[in-house]
Amino acid sequence: MPYVDGFVIPVPRENLEAYKKMARECGAMWKEYGALEFRENVADDAPPGKLTSFPQSVILEEGEVVLFSWIIYESRARRDEINDKVMHDPRVAHYMNPANMPFDAKRMIYGGFEMIIDL
């Protein structure tokens, strides 16, 4: 069964184009190394909730938008191999510097998920 990395990310609206540039470049690397899918989505219907919500999960600030993203891999083992290659690729080094990130990585939520249903 495939394996999924999921992300919820707060991005300042003014940095959305820079974020898309970064995502295109990094997504191409993930795909080059074997990821099956690389998806980035910007919220247009994700209101704050009473107890939980996408905006609350990242402590969304004024002028920011929530992104919901995922990468699909053949398996967890392949994900670990691919992520290791991406993280050691010199092309990604620029974006690993917090000063070059178009978002606050400390408020990003991420995790790996074993897919249990694939319709």
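A residue is called buried when its relative accessible area is under 20%, exposed when that value is over 50%, and partly exposed in between. Keep those cut-offs in mind, and keep in mind too that you're looking at a predicted model. Gln 56 makes a handy starting case: its relative accessibility is 34%, so it counts as partly exposed.

Let's stay with Gln 56 for a moment. Look for it in helix H2, which covers residues 54–57. Setting aside the neighbours within four places in sequence, Gln 56 is in contact with Pro 48, Gly 49, Lys 50 and Leu 51. Now try finding Trp 70 from there. Gln 56 and Trp 70 are 14 residues apart in sequence, and their C-alpha atoms are 19 Å apart in space.

Time to step back and take in the whole chain. It has four helices and four strands. Walking along from the N terminus, you meet these elements in the order β-α-β-α-β-α-α-β. Picture a box around the C-alpha atoms, set along the principal axes: it would be roughly 35 × 35 × 20 Å. How does the radius of gyration fit with a compact globule? For 119 residues, such a globule would have a value near 14 Å, and the chain has 15 Å, which agrees.

What about inside and outside? Buried residues account for 37% of the 119 residues in the chain. The accessible surface adds up to about 7700 Å², and carbon and sulfur atoms own 57% of that. As for charge, there are 14 positive and 20 negative side chains, and the centres of these two sets lie 1 Å apart. The contacts also reach across the sequence: of those with a separation of 6 or more, 83% are between residues 24 or more positions apart.

Next, head for the interior. The largest nonpolar core holds 21 residues, and the ones with the most contacts inside it are Ile 9, Val 11, Tyr 19, Cys 26, Trp 30, Leu 67 and Ile 71. Strand S1 (3–12), helix H1 (16–33), strand S3 (64–73) and helix H3 (76–87) are the elements that each give two or more residues to this core. Which of them gives the most? That would be H1, with seven residues. Trp 30 is a good spot to zoom in on. Not counting residues up to four places away in sequence, Trp 30 touches Ala 35, Phe 38, Ile 71, Tyr 73, Ile 82, Asn 83, Val 86 and Met 87.

Helix H1 has another residue to visit, Glu 17. Is Glu 17 buried or exposed? With a relative accessible area of 52%, Glu 17 is exposed. Its C-alpha atom is 9.0 Å from that of Pro 102, although the two residues are 85 residues apart along the chain.

Now move on to strand S4 (residues 109–114), where you'll find Tyr 110. Tyr 110 has 61% relative accessibility, so it counts as exposed. Leave aside its neighbours within four places in sequence, and Tyr 110 is in contact with Gly 6 and Phe 7. Remember Trp 70? Tyr 110 sits 40 residues away from Trp 70 along the chain, with 9.2 Å between their C-alpha atoms.

One last stop is Ile 59, which you can pick up in the loop between H2 and S3. Its relative accessible area is 57%, so Ile 59 is exposed. What is its phi, given that Ile 59 is not a glycine? The angle is positive, at about 55°.

How values were computed. Residues are numbered from 1 along each chain as its sequence is written. This is a predicted model: local features need pLDDT of at least 70, side-chain atom pairs count only at pLDDT 80 or more; totals for chains, interfaces and linings use all residues. Side-chain values use heavy atoms; hydrogens and water are left out. A nonpolar core is a set of buried Ala, Val, Leu, Ile, Met, Phe, Trp, Tyr and Cys residues joined through side-chain atoms within 4.5 Å. Buried means under 20% relative accessible area, exposed over 50%, partly exposed in between (1.4 Å probe, protein chains only). Contact means heavy atoms within 4.5 Å. The radius of gyration is taken over C-alpha atoms; the globule rule is 2.2 Å times the number of residues to the power 0.38. Accessible areas come from the Shrake-Rupley method with a 1.4 Å probe; for residues, only the protein chains shown count as cover. Lys and Arg count as positive and Asp and Glu as negative; His and the chain ends are not counted. The place of a charge is taken as NZ of Lys, CZ of Arg, CG of Asp or CD of Glu.
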